[in-house]
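Subject: Structure handover

Hello,

Here is the structure I promised to pass on. Please open it first, then read my notes below.

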Amino acid sequence: MTARKTAARTRTVPKTLTTPAEAGETVETTNFDKFSEFRARAAGVNIPEAFTTEIPPYVLGPDQGFDPPVSLEFPKRFEHQVQFEMALRAQDYFAALQVLAGRDFGRIIHAFGQVEDSYRLLAGLTLKIVDHFTGRGAADVPGGSSPS
C-alpha cells in the first residue's frame, strides 16, 4: 500500500502594522511643526467623527448572549485606526472586528460559530458597529464615510 501525499494547505495571515517601537527600532523625533503644509492641505477633508471625538463603546451584553459583556471601542491608537480602516476598505470583517474586540474576538467568533450563517452574522455585526462609530449607513458608502 502506498501512502498518498497531499500538499499542505497554507493560510494567508493578514499583515499587521508594527510600530518602530514594537519592532525594537529607534524612534526618531519628528518636528511636527514642519507638517503645517500637510495640515493646511487636508483642511477641507471630511474626517469621520470617530477619528476625532470620543464615542461610547458598542456593547454586546446578556441580551445578545455575552455575559460578561463585550465592549467594542473605537481604536484610540493611530496604528490601530489605520488597521481598522484598511480592513474595512478590503471588506475584511474578521480583521476589522479583531481590531475592535481585541481579546474578546475569540468569544465573538466562538458564539457566532454556533449558527449556520456565521459569516453573514459577523459581517452584519461589523457593519452595525461601523455605523455606530461613523454614522448610520457609513459602512455602505465607498470609502466608509457618511455623505455630508
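Start with Gln91. At 54% relative accessibility, Gln91 counts as exposed, because the cut-off for exposed is over 50%. Gln91 sits in the loop that links helix 2 to helix 3. Its backbone deserves a look too. The phi angle of Gln91 is near 55°, which is positive although the residue is not glycine. Bear in mind throughout that this is a predicted model.

Now the overall layout. The protein chain has five helices and two strands. Along the sequence they run α-β-β-α-α-α-α. The protein chain holds 148 residues, and 24% of them count as buried. Its accessible surface is about 11500 Å². Carbon and sulfur atoms account for 53% of that surface. Take the contacts in the protein chain with a separation of 6 or more: 55% of them join residues 24 or more positions apart.

Next, the core. Which residues touch the most other members of the largest nonpolar core? They are Leu60, Leu72, Leu97, Ile108, Leu125 and Ile129, out of 24 residues in that core. Several elements feed into this core. Strand 1 (58-60), strand 2 (70-72), helix 2, helix 3 (93-101), helix 4 and helix 5 each give at least two residues. As a general point, nonpolar side chains tend to be buried together in soluble globular proteins.

Leu60 is a good place to zoom in. Beyond its neighbours within four places in sequence, Leu60 contacts Phe66, Pro69, Val70, Leu72, Ile108 and Leu125. Two of these partners, Ile108 and Leu125, turn up again in the helix packing below.

On to the helix pairs. Take helix 3 and helix 4 to begin with. Their axes are 8 Å apart and pack at an angle of about 130°. That angle makes helix 3 oblique to helix 4. On the helix 3 side, the meeting residues are Phe94, Leu97, Gln98 and Ala101. On the helix 4 side, they are Phe105, Ile108 and Ile109. This contact counts six nonpolar residues, one polar and no charged.

Then helix 4 (residues 105-112) and helix 5 (residues 118-134). Their axes come within 9 Å and cross at roughly 135°. Helix 4 is therefore oblique to helix 5. Helix 4 brings Ile108, Ile109 and Phe112 to the contact. Helix 5 brings Ser118, Leu121, Leu122 and Leu125. Here too the split is six nonpolar, one polar and no charged.

Ile109 appears in the helix 3 contact and in the helix 5 contact. Is Ile109 buried, exposed or partly exposed? It is partly exposed, with a relative accessible area of 30%. Not counting residues up to four places away in sequence, Ile109 touches Phe94 and Leu122. Ile109 and Leu122 are 13 residues apart along the chain, and their C-alpha atoms are separated by 8.0 Å.

Gln81 is worth a stop as well. It belongs to helix 2 (residues 78-89). Is Gln81 buried or exposed? Gln81 is buried, since its relative accessible area is 10% and the limit for buried is under 20%. Leaving aside neighbours within four places in sequence, Gln81 is in contact with Phe51, Phe74, Pro75 and Lys76.

Some loop residues complete the tour.

- Pro56 lies in the loop between helix 1 (36-41) and strand 1. Pro56 is exposed, at 55% relative accessible area. Even so, Pro56 touches His132 and Phe133, not counting residues up to four places away in sequence. The C-alpha atoms of Pro56 and Glu73 are separated by 7.3 Å, with their positions 17 residues apart along the chain.
- Pro68 is in the loop between strand 1 and strand 2. The peptide bond from Asp67 to Pro68 is cis, with omega near 10°.
- Gly102 is in the loop between helix 3 and helix 4. Gly102 counts as partly exposed, at 40% relative accessibility. Gly102 and Val70 are 10.0 Å apart in space, C-alpha to C-alpha, and 32 residues apart in sequence.

Over to you.

Best wishes

Methods:
Residues numbered from 1 in each chain as written. Predicted model: local features only at pLDDT ≥ 70, side-chain atom pairs only at ≥ 80, totals over all residues. Heavy atoms only, no water. Axes fitted to C-alpha atoms, helices over the stretch in contact; angles between N-to-C directions. Helix = DSSP H or I, 4+ residues; strand = E, 2+ residues; numbered from the N terminus. Parallel < 35°, antiparallel > 145°, perpendicular 65-115°, else oblique. Contact = heavy atoms within 4.5 Å. Nonpolar A, V, L, I, M, F, W, Y, C, P; charged D, E, K, R; others polar. Buried < 20%, exposed > 50% of the residue type's maximum accessible area, 1.4 Å probe, protein only. Core = buried A, V, L, I, M, F, W, Y, C linked by side-chain atoms within 4.5 Å. Areas by Shrake-Rupley, 256 points an atom, 1.4 Å probe, with all protein chains shown as cover.
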